[in-house]
Amino acid sequence: MNRNVMITCALTGAGDTVGRSEHVPVTPEQIAESGIAAARAGATIVHIHVRDPETGVGSRDVALYREVVERIRASDVDVIINTTAGMGGDLVLDPTDPTTFLEGTDLVRGVDRLPHVEELLPDICTLDCGSLNFGEGSLVYVSTPDMLREGAKKIQELGVRCEMEIFDTGHLWFARTLVEEGLIDAPAMYQLCMGIPYGAPADPMTLMSMVQQLPEDAVWASFALGPMQMPWVAQSVLLGGHVRVGLEDNLYLAKGVKATNAQLVERARTIVESMGAKVATPDEGREILQLKARS
């Protein structure tokens, strides 16, 4: 069991959730304010996507990231900043003509998913460690070994901690390969992403199997979607990991009760503390992850 638990709050994601809850932040100001509130509620880390303020659709616009990160850094809260670097991997195929790419495709090379990381130098950024049939239909998330090695090397050169996103067992195999090849600096950080169709299911035995495949010195967390989000907090802590909650992965506190990010962090904190563990402060998180102290 983990006795000093980092809570990550994934603030907004890029999914089609804006119309499903008024609490999903869209504008840079809203995302930053939601991150600040999550930090005040006890989040050790905030995980940041940005959205087009007009449409609510996920975006790779560096200016939007800049505003969110600068607002959080200028606030009176201390929190570790983790930006996604997963945008730019969406490939929507025409099922009748797979050589035709449909609306919704946003596909760029690995390093072209990193301009905001290069400019803003967050504490952490993500690296999605493999391709995946992403839900129903014809959306494929594309992240090839060549793209991943190129991206990991760039992140390493920038001095940013890489959080490897693991959506299936093969992704974990490749993540370990990146570590063995020296493209991921110690301590290697793994996020086990459970319940995303069609990756690893949100099943306790699957999580246990994946945890058993991690290196002994790994720093890891896991999360699951929807109603499994809070049970997964307990699952992760019991198996020795850290946790992630937030509106990217779940919109509700209970059936029919919509949540804010701060409320989800508060609920996760209650679970962690009820288990006899404590929530890591940002400074303790920096020590765990061997990050530079906040300037």
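Visitor: Where is Gln290 found?

Guide: Gln290 is in the segment after helix H9 (282-289). One thing up front: this is a predicted model.

Visitor: Why is Gln290 called exposed?

Guide: Its relative accessibility is 55%. Exposed means over 50%, so Gln290 counts as exposed.

Visitor: What makes the backbone of Gln290 worth pointing out?

Guide: Gln290 has a positive phi, about 55°, although it is not a glycine. Leu121 is another non-glycine with a positive phi, at about 45°. Look for Leu121 in the loop between helix H3 (115-120) and strand E10 (124-128).

Visitor: Why is Leu121 called partly exposed?

Guide: The relative accessible area of Leu121 is 44%. Buried needs under 20% and exposed needs over 50%. The 44% of Leu121 falls in between, so partly exposed is the right label.

Visitor: What about Leu225: why is that one partly exposed?

Guide: Apply the cut-offs again: 29% relative accessible area for Leu225 lies between 20% and 50%, so Leu225 is partly exposed. Leu225 is in the loop between strand E15 (219-224) and H7.

Visitor: Which residues is Leu225 in contact with, leaving aside its neighbours within four places in sequence?

Guide: Met194, Gly195, Ile196 and Asp249. Asp185, by comparison, is 40 residues from Leu225 in sequence and 29 Å away in space, C-alpha to C-alpha.

Visitor: How do you know that the charged end of Arg244 sits over the ring of Phe223?

Guide: The charged end of Arg244 is 3.8 Å from the centre of the Phe223 ring. The distance limit is 6 Å, and the charge must also be within 35 degrees of the ring normal. The 3.8 Å meets the distance part, and the pair is listed as a charge over a ring.

Visitor: How many aromatic pairs does a search of the whole structure find?

Guide: Zero. To pair, ring centres have to lie within 6.5 Å.

Visitor: What makes E7 and E8 a pair of strands?

Guide: Two bridges are found between strand E7 (residues 89-94) and E8, in the antiparallel sense. Pairing takes at least two bridges, so E7 and E8 qualify. Asp94 has Asp97 in E8 as its bridge partner, and a hairpin of two residues joins E7 to E8.

Visitor: How confident is the prediction around E8?

Guide: Strand E8 (residues 97-101) is where confidence is lowest in the protein chain, with a mean pLDDT of 95. Confidence is highest in strand E2 (residues 7-10), at 99. For the whole chain the mean pLDDT is 97, with 99% of residues at 70 or more.

Visitor: Which residues touch the most other members of the largest nonpolar core?

Guide: Ile48, Ile72, Val245 and Val265, in a core of 40 residues. Members of a core have to be buried, under 20% relative accessible area. Helix H1 (28-41) and strand E3 (45-48) are among the elements that each supply at least two residues, and the largest share, six residues, comes from H1.

Visitor: What does Val265 touch, not counting residues up to four places away in sequence?

Guide: Ile7, Cys9, Ala38, Ala41, Gly42, Ala43 and Val245. A second, separate core of 32 residues includes Cys129, Phe174, Leu183 and Trp232.

Visitor: Which peptide bonds are cis?

Guide: One is the bond from Ala186 to Pro187, with omega near -5°. Pro187 is in the loop between helix H5 (169-180) and strand E14 (189-194). Another runs from Pro197 to Tyr198, with omega near 0°.

Key:
Residues are numbered from 1 along each chain as its sequence is written. This is a predicted model: local features need pLDDT of at least 70, side-chain atom pairs count only at pLDDT 80 or more; totals for chains, interfaces and linings use all residues. Side-chain values use heavy atoms; hydrogens and water are left out. pLDDT is the predictor's confidence in each residue, from 0 to 100. Helices (H or I, at least four residues) and strands (E, at least two) are DSSP runs, numbered from the N terminus. Rings of Phe, Tyr and Trp (its six-membered ring) pair if their centres lie within 6.5 Å; planes under 30 degrees apart count as stacked, over 60 as edge-to-face and the rest as tilted. A nonpolar core is a set of buried Ala, Val, Leu, Ile, Met, Phe, Trp, Tyr and Cys residues joined through side-chain atoms within 4.5 Å. Buried means under 20% relative accessible area, exposed over 50%, partly exposed in between (1.4 Å probe, protein chains only). Contact means heavy atoms within 4.5 Å.
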